[in-house]
Amino acid sequence: MPHPPLLARLLIPALLLTPTITSCARNPVTGKNEIALISESQEIQMGKEASQQTIQSIGLVNDSSLQAYVSAIGMKMAAASERPHLPWEFHVVDDASVNAFALPGGFIFVTRGLLTYINNEAELATVVGHEIGHVTNRHSVQQISNSQLATLGLGLGSVLSSDVARYAGLASQGLQVLFLKYSRDAESQADLAGFRYALGQNYDVREMASVFHTLDRVGAAAGGGKLPEWLATHPAPANRVAATESRLDTLHKDLTNTVINRDGFLEHVKGLTFGDDPRQGYFQGGHFYHPDLRFQVTFPQGWHTQNAADAVMAGSPNQDAIIQLSLAGKTSPRDAATQFLSRQGITAGNGSTVSINGLPAASSYFKAQTDQGEIEGLATFISYGGITYGLLSYTPAGKLSTYDNAFRQTAASFSELRDPAALSVQPAKVDLVKLPEEMTLAQFNARYPSSIPIGQLAIINEVDGPDSAIPAGRTVKRVTGGVLPAGAR
């Protein structure tokens, strides 16, 4: 049961309003004429809608100083780019994955995960410049114009009807494939643009290669987060490192006095959450705990799970069943069930209003027509802490008997979280230490312990390994706290 990309769902309505007669537009960077079915105003509108969805679904880091810092770096490069008139925005999204992405029209995001892995402002500038390059080259417009035409008549709707999808909050599932995947030529163009934009602001562009090395190591170590890692949406770094070094070889500029700003950058990273924030909910096996909202629920063993900003989801190993927990508002469970079952395309089955673990609840089996065929499942609504939660479990028609027990057991597991250890868990944070003397990373870790493995500590500090010597006076990152208590319930 594949789910269409969120961005595609946002773009299709605008595309349907676009004449099918192809036209050409001049690429502002290359000067070449290219097929373009989307005007600049449409591009901006698409970007605004996708940006709002991203912010609503994932959220921004609550640090105005950090947001202003990243925005200032991006804005000065965007102002000197080939498209300075766009309504540029730069944000730090609250996600642990190591990534950055550009939406059409000039809406750029970097993850807090990326900021915890890179080490200076010059590195950040080359990453942000790369994403600006995607926008100035109109890569999203090219990709839509060249590829989306073939999909217009192929039913790119939600897996559920629009009413059901909106109610269930299924847009968050699209975040797994939010980003348009560009060609190698497009990525090379964006790399070159990022190199130029950073150089134009007097940044030390030698640091661009360091970014690619770090991203390569992160990919090998398979980091975490709700969004895809950089390597899921960008080509492998090896060739990009070589291309960066080739540009440096032919660069006729003395880089001695260019900006790196390691310590200034790290001061902005200090105190940033490292990895997933368990206060926003976390998994241990199939058990999900939410300390802030004080509830717990157990999903089927072996299912693939995801904790997004607006929903918690689990998918069956065969990818033919989904269980999703989301907020249903402050209405009663019975009213929430009535509202859900009265929506167009949904047929109600057997229902009940039996409480679950002492909490008011209402549930009903249902069938629904979708763009991919009929589904059937179980909708359960539970009131707790003044909020009604909705558990929507569904599978293609004919398979309900296979998953019925799993659906019912998951709903029956929802309960108050009482375990003090689980309730008190705190996120890991980035801390800084200025070395009083030269030492190896292993010696540093022994003197200033981190709560992450030493291999990961090496990556975030861009040193080769435990035996690497770090000079006196250098500011080094460590990670403290965030270790989840064993056996938390």
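In the predicted model, Arg83 is a buried residue with a relative accessible area of 1%, and the side chain of Arg83 takes part in a salt bridge with Glu40, for which the closest N and O atoms are 2.9 Å apart. Glu40, in contrast to the buried Arg83, is partly exposed, with a relative accessible area of 30%. The two residues belong to distant parts of the chain, Glu40 being placed in helix α2 (residues 40–58) and Arg83 in the loop between α3 (64–79) and β3 (89–93), with their positions 43 residues apart in sequence. The pair is also part of a wider arrangement, since Glu40, Glu43, Arg83 and Arg138 are linked in a network of salt bridges.

In total, the structure holds 15 salt bridges. Side chains of opposite charge can pair when their charged atoms come close, and two further pairs illustrate the separations in sequence that occur here. Asp263 forms a salt bridge with Lys434, the closest N and O atoms being 3.9 Å apart, a value that falls within the 4 Å cut-off applied to such pairs. Asp263 is located in helix α12 (residues 262–269) and Lys434 in strand β18 (residues 428–434), so that this salt bridge ties together parts of the chain that are 171 residues apart in sequence. With a relative accessibility of 38%, Asp263 counts as partly exposed, whereas Lys434 is exposed, with a relative accessible area of 53%. The salt bridge between the side chains of Asp404 and Arg408, with an N to O distance of 3.3 Å, is by contrast contained in one element, as both residues lie in helix α14 (residues 400–412) and are four residues apart, about one turn of the helix. Within this pair, Asp404 counts as buried at 17% relative accessibility, because the limit for a buried residue is set at under 20%, while Arg408 is partly exposed, with a relative accessible area of 38%.

Turning to the nonpolar interior, the largest nonpolar core has 65 residues, and the residues with the most contacts inside this core are Leu115 and Leu124. Helix α5 (residues 121–136) supplies the largest share of the core, namely seven residues. When residues up to four places away in sequence are not counted, Leu115 touches Leu66, Val70, Val92, Val110, Leu124, Phe265, Val269, Leu272 and Lys477; the two core residues with the most contacts, Leu115 and Leu124, are thus also in contact with each other. A second, separate core of 25 residues includes Leu359, Leu378, Ile382 and Ala411.

One of the residues of this second core, Ala411, is also a contact of Thr380. Thr380 lies in strand β15 (residues 373–384) and counts as buried, at 3% relative accessibility. Besides Ala411, and again without residues up to four places away in sequence, the contacts of Thr380 comprise Ile356, Ala362, Ser363, Tyr389, Gly390 and Leu391.

Two packed helices are described by the angle between their axes and the distance between the axes. For helix α9 (residues 207–221) and helix α11 (residues 238–249), the axes come within 9 Å and cross at roughly 170°, and the two helices are therefore roughly antiparallel to each other. The contact is formed by Met208, Ala209, Phe212 and His213 of α9, which meet Arg240, Val241 and Thr244 of α11. Classified by residue type, this contact of α9 with α11 has four nonpolar, two polar and one charged residues.

Several loop residues complete the description. Asn62, in the loop between α2 and α3, is exposed, with a relative accessible area of 82%. Although Asn62 and Val93 are 31 residues apart in sequence, their C-alpha atoms are 9.3 Å apart in space. Positive phi values in residues other than glycine are found at Arg294, where phi is near 60°, and at Glu462, where phi is about 55°. Arg294 lies in the loop between β8 (287–290) and β9 (295–298) and is partly exposed, with a relative accessible area of 39%. Glu462 is found in the loop between α17 (454–460) and β20 (469–470), and this residue is likewise partly exposed, with a relative accessible area of 27%.

Notes
Residues numbered from 1 in each chain as written. Predicted model: local features only at pLDDT ≥ 70, side-chain atom pairs only at ≥ 80, totals over all residues. Heavy atoms only, no water. Axes fitted to C-alpha atoms, helices over the stretch in contact; angles between N-to-C directions. Parallel < 35°, antiparallel > 145°, perpendicular 65-115°, else oblique. Contact = heavy atoms within 4.5 Å. Nonpolar A, V, L, I, M, F, W, Y, C, P; charged D, E, K, R; others polar. Core = buried A, V, L, I, M, F, W, Y, C linked by side-chain atoms within 4.5 Å. Buried < 20%, exposed > 50% of the residue type's maximum accessible area, 1.4 Å probe, protein only.
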